[in-house]
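Colleague: I'm new to this one. Can you walk me through it?
Modeller: Sure, here it is.

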Amino acid sequence: MDEVVMDQIMNVAHQAVSWIASVTIIFGGVVPYIPQYRDIRRTQNAEGFSTYVCLVLLVANILRILFRFGRFFETPLLWQSIIMIITMLIMLNLCTSVRLTSELNTKRRSFTDFDRNYFWSWSGFVDYLQCVLVFTVLAAYVTYLLLDSVLFVESLGFLAVFTEAMLGTPQLYCNFQNKSTEGMSIKMVLMWTSGDTFKSGYFLLTQAPVQFWICGLLQVCVDLAILFQVYFYSRFPQKPVSHITHTTSAKAL
């Protein structure tokens, strides 16, 4: 009787842990964008946020969803991509609204101008939405045609997670270029590291496709490299401290 009760308790505990892990995976990735959204709303200034962050995450998560048609992976990871896409569209909508208000005299640029010099620097949210829809339709069509190709499906999955894994590299390069980590939130980097470590462990435990956990570990390595920069440049300053504004990285946003 005691063994039966213990088994039931363990089963309930296992389900609770699985549920918490799933919720964390689904919503954990969008948490860093909440304070960014609130800051932009409060200051009505979007200059500190690069919309290329949204571009990278939109591409990565759209490709990940398409990858699922060829190779099954955990449902929470699918919902994670859907939530992230919605979040990036909300961020784009806010940024374009704020910039449109502050740049009344600037010539409007639109997606249908097909001017590569202003790619992803359009004036209205609708233009970004049109671009995302065109990319999604084209990517979906190519995926449909090549879905039977194992090489294409595996490459699609790798491209999706590798794109996301590289989000920390702009900050890494920026720190190296400036020989300083001034202006970068160490708490944010620690949040990336803990989140990416948790995510990589989740990939391994749920036996996600190999592309997922390899790129997850790559993200952790990038995070650790940035933390090393924090230590190195604070211990061995490379230049006098100055109040410069660093280019905000894709990951930090």
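Modeller: We'll go through rings, cysteines and the pocket.
Modeller: This is a predicted model, where local features need pLDDT of at least 70, side-chain atom pairs count only at pLDDT 80 or more, and totals for chains, interfaces and linings use all residues. Residues are numbered from 1 along each chain as its sequence is written, and side-chain values use heavy atoms, with hydrogens and water left out.

Colleague: How many aromatic pairs are there?
Modeller: Twelve. Rings of Phe, Tyr and Trp (its six-membered ring) pair if their centres lie within 6.5 Å; planes under 30 degrees apart are stacked, over 60 edge-to-face, and the rest tilted.

Colleague: How do F111 and W122 pair?
Modeller: Their planes are at 80°, so the pair is edge-to-face. The ring centres are 5.4 Å apart. Both residues sit in the loop between helix 4 (75-102) and helix 5 (125-146), eleven residues apart. Helices here are DSSP runs (H or I, at least four residues), numbered from the N terminus.

Colleague: Are those two buried or exposed?
Modeller: F111 is buried, and W122 is too. Buried means under 20% relative accessible area, exposed over 50%, and partly exposed in between, with a 1.4 Å probe and protein chains only.

Colleague: Which residues share a cluster with them?
Modeller: F111, F114, F119, W120, W122 and Y128 form one aromatic cluster.

Colleague: What about F228 and F232?
Modeller: That pair is stacked, 6.0 Å centre to centre with 25° between the planes. They are four residues apart in helix 9 (residues 210-235), so about one helical turn separates them. F232 is partly exposed, at 30% relative accessible area.

Colleague: Switching topic. How many disulfides?
Modeller: Zero. The rule asks for a pair of cysteine sulfur atoms within 2.5 Å.

Colleague: Why is C54 not in a bond?
Modeller: Because the closest cysteine sulfur, in C95, is 6.1 Å from the sulfur of C54, too far for a bond. C54 is buried, at 0% relative accessibility.

Colleague: And how much space is in the largest pocket?
Modeller: About 420 Å³. A pocket is an open set of points on a 1 Å grid over the protein atoms alone, where a 1.4 Å probe fits, with protein on both sides within 12 Å along at least five of seven lines. Lining residues have an atom within 4 Å of a point. The volume is the space filled by probe spheres set on the points, which are joined across faces, edges and corners.

Colleague: Which residues are closest to its centre?
Modeller: Of the 22 lining residues, those are G28, G29, G195, D196 and K199.

Colleague: Which helix gives the most?
Modeller: Helix 8, with seven residues of the lining.

Notes: Helix = DSSP H or I, 4+ residues; strand = E, 2+ residues; numbered from the N terminus.
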